[in-house]
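Visitor: I should like to learn how the overall form of a chain and the packing of its helices are read from a model. Where should one begin?

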Amino acid sequence: MTLFSAPFVLLSVMLPLASMVLSCRTEWQRGYRYCLPLLPLPALLLGVAVEPGWWLELPGLLIGGLWGADDLRRAFLVLTAMLWLIGGVFAIGYLKDHHLRRFCVFWSLTLAGNLGLIISLDIASFYSFFALMTFAGYGLVVHEGTDEANRAGRVYLGMAVVGEMAILSGLLMAAQLAGSGLLANLPAAIAGADRQWLIMLLLLAGFGVKAGLPLLHFWLPLAHPVAPTPASAVLSGAMIKAGLLGWLVTLPFGEVSLPGWGNALVILGAVGSLGGALLGVRQQRPKAVLAYSSISQMGLMTLMVGAALANADYAGPLFAVMALYVLHHGLAKGSLFLSTAMALPTSRGGQWLLWLLIALPGLSLAGLPFTSGAASKLAMKELLKPDSFGFAMAPYLPTLMSAGAVATMLLVWRFLWVQRAVAGVGSNPAFMWLGWGLATASSLILFWWLPWPEAVPEKAWLSAMVYEAWSLFWPMLLATVIAALAWRSVKQR
Amino acid sequence: MTLSVLMPVFALMTSLLASVILFALPEKGYRLRTIINLAAAILKIALVGVMIWGVAHGREYEAAFTMVPGVEFVLRADALSMLFAGLSALLWLLTTIYAVGYLEDSPNRSRFFGFFSLCVASTMGIALAGNLFTFFLFYEMLTLSTYPLVVHRGTTKALRAGRNYIIYTLTGGAVLLFAIAWLHGLVGDLRFQEGGYFSDVDPSLNGPLTIIFVLMMVGLGVKAALVPFHGWLPQAMVAPAPVSALLHAVAVVKAGAFGIIRVVFEIYGLEAAEAMGLLAGLSVVAALTIIYGSTRALYQVDLKRRLAFSTVSQVSYIVLGLCLFGPLGVIGGLVHLVHQGIMKITLFFCAGNYAETLGVHRIDELDGAGKRMPGTSVAFTLGAFGMIGAPPLAGFITKWTMGAGALEVGMDWVVAVLVISSLLNAAYFLPILHRLWFAEQCEPWPHERRWGRLETSAWLLWPPLITATLMVLAGLLANVPFSPLSWAELIVLREVAL
């Protein structure tokens, strides 16, 4: 921790909070809107410029505060800051004057929570920021004020509060065993706990609400689509990852191998990944399809979490891959959500170009070679070899991953299909172009220059993709054939 | 007479003297009354502040004289009394400011402020009382000085609530007196002493001591609103808002809770009470009260009534904390004495503001109030989240410490009680917050008043903003010296032999 970066650490959280001063007067609210993209800047600088391994002690805070970042947190921090920045740019063009001030306040609060939880190393700070993000997020979900939004908000809040309570009980029990207020001491304490199953269950379920774990996901397809589009993008791209981070920093990865939990999570992940797609293809609205796609993608990440729990030796490398996957999915999903609000240009060539650029992040999710998705998928495949894992579900891992790719591709087709039906022709405000452009460029190009975790396997690099092209390609092809058949059958009816 | 003797006497006399002067003032002396009120409150904060500093640095303040042989009058400042004295001195100032704004132009202000000061003097006496007898004296004085405040409006409803209040509290007082007298006969005059007296008591006394304990808990439980002695509290909310605020945050319910703390820690002793099996029973009553209060709060449509049932629930956190019989649990209970005070007073100030400014009393009339009264609504929101126990606010510190304390001593069911209570709190506070911020106003406010540029009178706006800020700081900076949490840790270190 150098003298230079300490202010950045505090600013990352304080700037969004301090910006709420702008809500004091009605005349300032238009100015406030232009500040939104600036709020995550210190955090972005912190993530990009400062080498991980730093920490900052805040002894007076809560019951003793400690903030810092490691490789894993850095990836989350970079993604989160980038996505909120992009969302902020988009929001300038997207937002109407209706309750503008209120939206900006909740945006800032949620942002502060989302960034803060990533750099918290002590339990109380982490839980505080997590709760801040959860409760302030309600303001984003119900912003439109429609009956549908209020209903979604109620489900969101109800499940979130129950989740918070599960997290609180789990953290309390783990902290009591660890005799410490630091997150870093929890995994070892849980690994040796008598009532390990209860603590694990509470934490898995509590964070699982945020991560859209099957059966705890009900709020997600309701809440993500009804929020204003920039909020949907950060909800589905960044905030959903907070649940995953919660798992990664508390559960006993690398301490003990827990094949039972591994099996359970792999099954849940598979259910999420395939079930999410199954429900998603039946949706009529683009944002709902995307929300289910998020559940499906989180299912794949749950699968990795399960594998990492099942074999302690692989936890470290899998963390790196998960970090990479988080970066990839966050940016791609952000771009897809923003594209739902874009109107098509009048010229035919322009329309084609736009459709291509809308489709590419989607294809990236499905693992199109030379995209961020291919890199993440290859890295994942490289590690999840059945021979390395001894648990019951291990032999099915490659099949599940391929099935996941098929499911993802199907969802992408479905998304394009319904988006085509609703997309209007017209002009977009410049800031919407800019925001969407940034998101798409980040997902397709900038991704390769972002600070990847060091432990990512070699296979992920571009050159290796040439040899793996077919293994990536056939699930997409299969899904395309299915989609085409489905389209024909609908058309004939 | 040295300063160490005079300090506690001065602290008591400031409000007592103020009360006498205020009674004598003519009704019209608005400015003079306000000046005396504020001056006395500020002076008291200074005195208590000095004592807190002194106690932290190991000074002792004590004034004692014998009233009749065998019965002493003792005023003493220890760490525990400073917890309560500090809270009441601070909140008295804020409530006075609030009351000045609230009672603008209403009749009988001399009487009101006179009794108001008397009530605070009693609270100070309860905090500083050094033995059971002195404690009882001020405990009853509190009952008598709050009655006129409850019935201040003079309406039938207020009078009925007042009658109910006085029946409950006087009966409770009588039971308490009986128990104190019995104990006095058994073992003589007992000063409050660290570790209590009964750690190695003759087993033959166990029977009477148990009965006396139960009687004392009944006597004190009436004011602390333990179920089933809570009936007066929700009715008493007909009192003017500043009175409700004080009643719910510092004066009455806290006097009961504070008495329970004194009896458990410094008469019986935590270990003895545990060994006799008294704490187990008390913890069950406290847990039931917590759940019962929250459940009833869910069904209230009147804002102040909902807050009143929430008080029933929250005050029992303090009692439950003591029963956890371990340092962390006790710290959690003690710190909640302060935390609940600043959170609940914030909420009542806000409820008063909605009533005074918009004429809103019912929860379903609050739609869109956040836009009309943002300052008040921010304070209310913070107070509500504090009550739910959301981090990083004061209520979270309580819940976290108590939860850890419960696990430490193997009373895991307490965590379940905390979780259920938090869920219920969320269920009855979050819908209000939704109405404040996200519902659109559909009907005009029932009875709106305008105060120029501000959303309401500055006298009414600042107190909740200040208490809300204090509540955030109490949570956020819990680890800083002189925070409520640090002070509770100091008390446990010094005075609770564990």
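**Reading the fold and a helix pair**

Guide: One begins with the radius of gyration, bearing in mind that this model is predicted. A compact globule of 493 residues would have a radius of gyration near 23 Å, and the 21 Å of chain A agrees with that expectation. Along the principal axes, the C-alpha atoms of chain A fill a box of roughly 65 × 60 × 45 Å.

Visitor: How many helices and strands does chain A have, and what percentage of its residues count as buried?

Guide: Chain A contains 19 helices and two strands. Of its 493 residues, 61% count as buried. As for contacts in chain A between residues at least 6 apart in sequence, 82% join residues at least 24 apart.

Visitor: At what angle do helix α2 and helix α3 of chain B pack?

Guide: Helix α2 of chain B (residues 30-56) packs against helix α3 of chain B (residues 79-102) at an angle of about 160°, the axes being 9 Å apart. Angles over 145 degrees count as roughly antiparallel, so α2(B) is roughly antiparallel to α3(B).

Visitor: Is the crossing left-handed or right-handed, and which residues make the contact?

Guide: The crossing of α2(B) past α3(B) is left-handed. On α2(B), the contacting residues include B:Leu38, B:Ile45, B:Met51 and B:Val55; on α3(B), they include B:Met82, B:Gly86, B:Trp92 and B:Val100.

Visitor: What is the make-up of that contact by class?

Guide: The contact of α2(B) with α3(B) comprises 16 nonpolar, four polar and one charged residues.

Conventions
Residues numbered from 1 in each chain as written. Chains lettered and ligands numbered in written order. Predicted model: local features only at pLDDT ≥ 70, side-chain atom pairs only at ≥ 80, totals over all residues. Axes fitted to C-alpha atoms, helices over the stretch in contact; angles between N-to-C directions. Helix = DSSP H or I, 4+ residues; strand = E, 2+ residues; numbered from the N terminus. Parallel < 35°, antiparallel > 145°, perpendicular 65-115°, else oblique. Left-handed = near helix turned anticlockwise from the far one by under 90°. Contact = placed C-beta atoms within 7 Å. Nonpolar A, V, L, I, M, F, W, Y, C, P; charged D, E, K, R; others polar. Rg over C-alpha atoms; globule rule 2.2 N^0.38 Å. Buried ≥ 20, exposed ≤ 12 C-beta atoms within 10 Å, placed from the backbone.
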